[in-house]
Amino acid sequence: MAYDATTLPDVSGLTVGIIGGTGDQGRGLAYRFARAGQTVLIGSRAADRAAQAAAEIAALPGVPAGAAVSGADNDEVARRSDVVIIAVPWDGHAAVVGALAGPLAGKIVVDCVNPLGFDKQGPYALTVPEGSAVQQAAGLLPDSRVCAAFNHVSAPLLADPEVDRIDLDVLICTEDRELVGVVAALAARIPGMRGIYAGRLRNAHQIEAFTANLIAINKRYKAHAGIRVTDL
């Protein structure tokens with residue numbers, strides 16, 4: 001079955017919250033969704049820092065005047081959002097996610113965290129007892145609808161206002177097939193992106209780990225490489 005964007009649901013009315021929205025990946029995703037006219041909430045442990053980041057994003061080129069971009073602490077963002085993207089550093093992942101189990105109950109949670117280490121030889125994948133970052137999140141959020149996505153999206157490309165299209169595929173891992181369409185539709189709000197189902201949560205480990213390879217590629221070739229799946 002060929003990829004068909006016309007079958008995707010309308011997600012334009014959803015509020016997207018980003019936990020870790022003041023970091024590079026979170027800010028980049030927030031910027032792209034804001035450019036698309038999505039309602040975006042920036043989350044941080046400090047509400048004032050989140051509000052400042054939101055104001056800066058709203059003022060960037062390409063963001064429509066009066067765009068619905070605001071900031072709040074993580075708890076409020078989790079409560080007010082329909083879809084919540086987890087974009088925090090790996091070393092704080094378990095603590096941040098676990099603390100939000102209550103407000104994230106019933107919500108769609110998209111984890112884009114990559115458990116990586118760095119040494120003199122470069123990036124490498126870390127061992128996660130649960131199997132992957134998203135499996136850790138799923139264990140901490142038993143009442144949420146959890147998936148992995150946006151793991152391989154270049155933060156510098158997301159943040160560059162001169163880049164109009166980001167031609168890559170977003171690999172989606174989840175136990176909940178209905179989520180695939182919702183997350184794929186959100187990915188499609190960013191010109192050039194496609195959301196592709198890539199298996200159950202147990203298959204997320206290699207997707208997260210492959211980011212180490214992409215970082216090595218980008219360093220070697222001075223690029224911002226992503227992934228595109230052929231024959232779809």
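## Exercises on salt bridges, burial and empty space

The side chains of Asp169 and Arg194 meet in a salt bridge, with 2.7 Å from N to O. The model used in these exercises is a predicted one.

**Exercise 1.** Find which elements hold Asp169 and Arg194, and state what their pairing ties together.

*Solution.* Start with the general idea: side chains of opposite charge can pair when their charged atoms come close. A salt bridge here requires a side-chain nitrogen of Lys or Arg within 4 Å of a carboxyl oxygen of Asp or Glu, and the pair Asp169 and Arg194 has an N to O distance of 2.7 Å. Next, place the two residues: Asp169 lies in strand β9 and Arg194 in strand β10, which covers residues 193–197, so the pair ties together parts that are 25 residues apart in sequence. Then consider the surroundings, where both Asp169 and Arg194 turn out to be buried. Finally, look beyond the pair, since Asp169 and Arg194 belong to a network of salt bridges that also links Arg165, Asp167 and Arg228.

**Exercise 2.** Describe the salt bridges that Asp164 and Asp176 form, giving the partner of Asp164 and the partner of Asp176.

*Solution.* Begin with the count, which comes to eleven salt bridges. One of them joins Asp164 to Arg35, with the closest N and O atoms 3.3 Å apart. Asp164 lies in the loop between α6 (155–159) and β9 (168–174), while Arg35 lies in helix α1 (residues 24–35), so this pair ties together parts that are 129 residues apart in sequence. As for accessibility, Asp164 is exposed because its relative accessible area is 51%, and a value over 50% counts as exposed. Arg35, with a relative accessible area of 22%, is partly exposed.

Now turn to Asp176, which forms a salt bridge with Arg145, the closest N and O atoms being 2.8 Å apart. Asp176 lies in the loop between β9 and α7 (177–188), and Arg145 in strand β8 (residues 145–148), so the pair ties together parts that are 31 residues apart in sequence. Asp176 has a relative accessible area of 23% and is partly exposed, and Arg145, at 27%, is partly exposed as well.

**Exercise 3.** Is His93 buried or exposed, and which residues does His93 contact once its neighbours within four places in sequence are left aside?

*Solution.* First locate the residue: His93 is in helix α4, which covers residues 93–99. The UniProt record, in an unreviewed entry, places the feature "domain: Pyrroline-5-carboxylate reductase catalytic N-terminal" at residues 15–115. Over residues 15–115 the chain is 38% helix and 24% strand, and the end C-alpha atoms are 27 Å apart.

Next, judge the burial: the relative accessible area of His93 is 0%, and therefore His93 is buried. Leaving aside its neighbours within four places in sequence, His93 is in contact with Ile86, Val88, Asp111, Val113, Ala133, Gln136 and Ala137.

Now follow one of these contacts, Gln136. His93 and Gln136 are 43 residues apart in sequence, and their C-alpha atoms are 8.8 Å apart in space. Gln136 sits in helix α5, residues 133–140, and counts as buried because its relative accessibility is 9%. Apart from its neighbours within four places in sequence, Gln136 is in contact with Trp90, His93, Ala94 and Glu130.

**Exercise 4.** Work out how much space lies in the largest pocket and in the largest cavity, and say which residues line them.

*Solution.* The method rests on a simple idea: rolling a probe the size of a water molecule over the atoms shows where empty space is left. About 930 Å³ of space lies in the largest pocket. Among the 38 residues that line this pocket, the closest to its centre are Asp24, Gln25, Ala87, Val88 and Pro89. The elements giving two or more residues to the pocket lining include α1, α4 and α6, and α8 gives the most, with four residues. By type, the pocket lining divides into 18 nonpolar, 16 polar and four charged residues.

As for cavities, the structure holds one of 30 Å³ or more, and about 40 Å³ of space lies in the largest cavity. Its lining consists of Pro115, Ala125, Leu126, Val128, Ser132, His205, Glu208 and Ala209. Here too α8 gives the most, with three residues, and the cavity lining divides into five nonpolar, two polar and one charged.

Terms used. Residues are numbered from 1 along each chain as its sequence is written. This is a predicted model: local features need pLDDT of at least 70, side-chain atom pairs count only at pLDDT 80 or more; totals for chains, interfaces and linings use all residues. Side-chain values use heavy atoms; hydrogens and water are left out. UniProt positions are given in the numbering used here, feature names are shortened, and annotations may be inferred rather than shown by experiment. Buried means under 20% relative accessible area, exposed over 50%, partly exposed in between (1.4 Å probe, protein chains only). Contact means heavy atoms within 4.5 Å. On a 1 Å grid over the protein atoms alone, a cavity is a set of points where a 1.4 Å probe fits but cannot get out, and a pocket is an open set with protein on both sides within 12 Å along at least five of seven lines; lining residues have an atom within 4 Å of a point. Grid points are joined across faces, edges and corners, and a volume is the space filled by probe spheres set on the points. Ala, Val, Leu, Ile, Met, Phe, Trp, Tyr, Cys and Pro count as nonpolar, Asp, Glu, Lys and Arg as charged, and the others, Gly among them, as polar.
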